[in-house]
Amino acid sequence: MRAVVVDQPGGPEVLTVSEVADPRPGPGEVLLDVAATAVNRADTLQRRGMYPPPPGASEVLGLECSGTVAELGEGVTGWSVGDEVCALLAGGGYAERVAVPAGQLMAVPAGVDLVTAAGLAEVTCTVWSNVVMRAGLQAGETLLVHGGSGGIGSCAIQLAVALGARVATTAGGQESRDFCRELGAGLVVDYREQDFVEEVATFTEGRGVDVVLDNMGASYLPRNVQALATEGRIVVIGMQGGVKGELDLGVLLRKRASVHATSLRSRPVEEKAEICAAVVEHVWPLVADGRVRTFVEDMMPLEEAGRAHARMESGGHRGKIVLTVR
Ligand SMILES: NC(=O)c1ccc[n+]([C@@H]2O[C@H](COP(=O)([O-])OP(=O)(O)OC[C@H]3O[C@@H](n4cnc5c(N)ncnc54)[C@H](OP(=O)(O)O)[C@@H]3O)[C@@H](O)[C@H]2O)c1
């Protein structure tokens with residue numbers, strides 16, 4: 001099959017399409033004919049040699065895809081050849097075929113075409129598992145989402161609004177900020193020009209935010225803690241601003257607040273299956289009625305994976321970048 005491989009870590013130009021052996025579905029796995037995959041920031045790190053696949057995962061890039069079921073591995077029930085699905089992957093999506101644990105398949109939600117569905121799994125599973133399952137965001141609470149115009153951010157804004165929360169977000173250029181407002185964010189802070197701590201304090205009348213979904217890590221840690229309300233929860237999911245930050249435990253303690261950090265990719269298969277089931281139960285109805293939409297900034301063929309990575313790394317995109325496979 002054709003797959004995007006990384007022979008040498010480096011820039012977007014190292015991504016080339018090669019012939020590799022087809023994967024085989026093991027017990028409990030399903031083989032998919034991939035229709036499309038989507039680019040995630042983690043793929044750009046893996047390409048640079050900074051985010052190796054977890055043990056046992058495919059070396060091929062790609063954390064999500066959509067496609068049709070081609071073959072069932074031993075013991076798989078509930079799926080049939082020809083079913084249209086999207087899938088959460090530990091790797092292997094930038095290819096014509098991928099083997100996936102059956103619990104990580106989700107039927108394509110009503111009203112979404114198969115190609116667009118390629119960009120649903122990673123963002124919905126990440127946002128639901130962190131904002132709801134981990135941080136327990138409730139209706140009436142306030143969520144601060146950093147990087148609101150990106151893939152994760154745009155999903156988080158819509159999901160939180162659908163759950164009845166107020167949303168504050170940070171974003172870059174004017175178009176990105178307008179996009180976040182259209183998605184339902186009540187406060188949009190220009191991260192290049194404004195101090196989000198001050199803006200969030202005004203937005204919440206001095207109370208602070210209940211939950212922070214953070215993609216920046218170290219560079220935002222002290223300010224995220226400052227921005228928190230009493231009993232607030234920070235969930236760090238990205239380290240675009242570095243890995244080592246300073247945490248004022250005194251402030252954390254006085255606020256009875258908590259800081260979490262999670263990675264979806266390295267979670268055990270059983271936990272991923274639990275997250276996928278929760279997403280199908282709680283998020284798919286919101287996708288089907290249009291309250292949570294996938295915005296595709298750009299769509300290109302698998303052969304242009306390098307251009308897609310360069311597009312993501314240059315910033316300013318809104319929503320997802322999709323790679324069509326067949
Ligand atoms: N832990 C997990 O399980 C997990 C799973 C999925 C994703 N992630 C992480 O989540 C993050 C988002 O992923 P993605 O795929 O959605 O990537 P993405 O689409 O590239 O989004 C990244 C966003 O960060 C914004 N940004 C850049 N500098 C910023 C700053 N100083 N302050 C606030 N925002 C800033 C970008 O805005 P501009 O367009 O203005 O540059 C962009 O909107 C990444 O860090 C990724 O690694 C983690």
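**Interface between the two domains and the ligand surroundings**

Across the interface of domain 1 and domain 2, a single salt bridge is found, a salt bridge being a side-chain nitrogen of Lys or Arg within 4 Å of a carboxyl oxygen of Asp or Glu. The structure is a predicted model, in which local features need pLDDT of at least 70 and side-chain atom pairs count only at pLDDT 80 or more, whereas totals for chains, interfaces and linings use all residues. Residues are numbered from 1 along each chain as its sequence is written, and side-chain values use heavy atoms, with hydrogens and water left out.

The salt bridge joins R318 to E175, with the closest N and O atoms 3.3 Å apart. This pair links distant parts of the chain, since E175 belongs to helix α4 (residues 174-183) and R318 to the loop between α10 (305-314) and β15 (320-324), the two residues being 143 residues apart; helices (H or I, at least four residues) and strands (E, at least two) are DSSP runs numbered from the N terminus. In the whole structure, the search finds 20 salt bridges.

Domain 1 comprises 2-120 + 265-324 and domain 2 comprises 124-261, with bounds taken from an automatic or database domain assignment. The C-alpha centres of domain 1 and domain 2 are separated by 26 Å, and the contact (heavy atoms within 4.5 Å) involves 23 residues from domain 1 and 18 residues from domain 2. Between them the domains bury about 1700 Å², with 67% of it on carbon and sulfur atoms, where buried area denotes the accessible area (1.4 Å probe) that two parts lose on being put together, summed over both. Within domain 1, the residues losing the most area to domain 2 are I275, F295 and R318, which together account for 27% of what that side buries.

Across the same interface of domain 1 and domain 2, 4 residue pairs are in polar contact, both residues at pLDDT 80 or more; a polar contact is a pair of N or O atoms within 3.5 Å, and within protein one must be able to donate a hydrogen and the other to accept it, while residues adjacent in sequence count only if both atoms are side-chain atoms. On the side of domain 1 that touches domain 2, α8 (269-282) and α9 (284-288) each supply at least two residues, and the largest share, 6 residues, comes from α8.

Around the ligand there are 26 residues, of which R41, Y220, Q240, L264 and G316 come nearest, a residue being near if one of its heavy atoms lies within 4 Å. An oxygen atom of the ligand lies 2.7 Å from an N or O atom in the side chain of Y191, and a nitrogen atom of the ligand lies 2.9 Å from a backbone N or O atom of I237.
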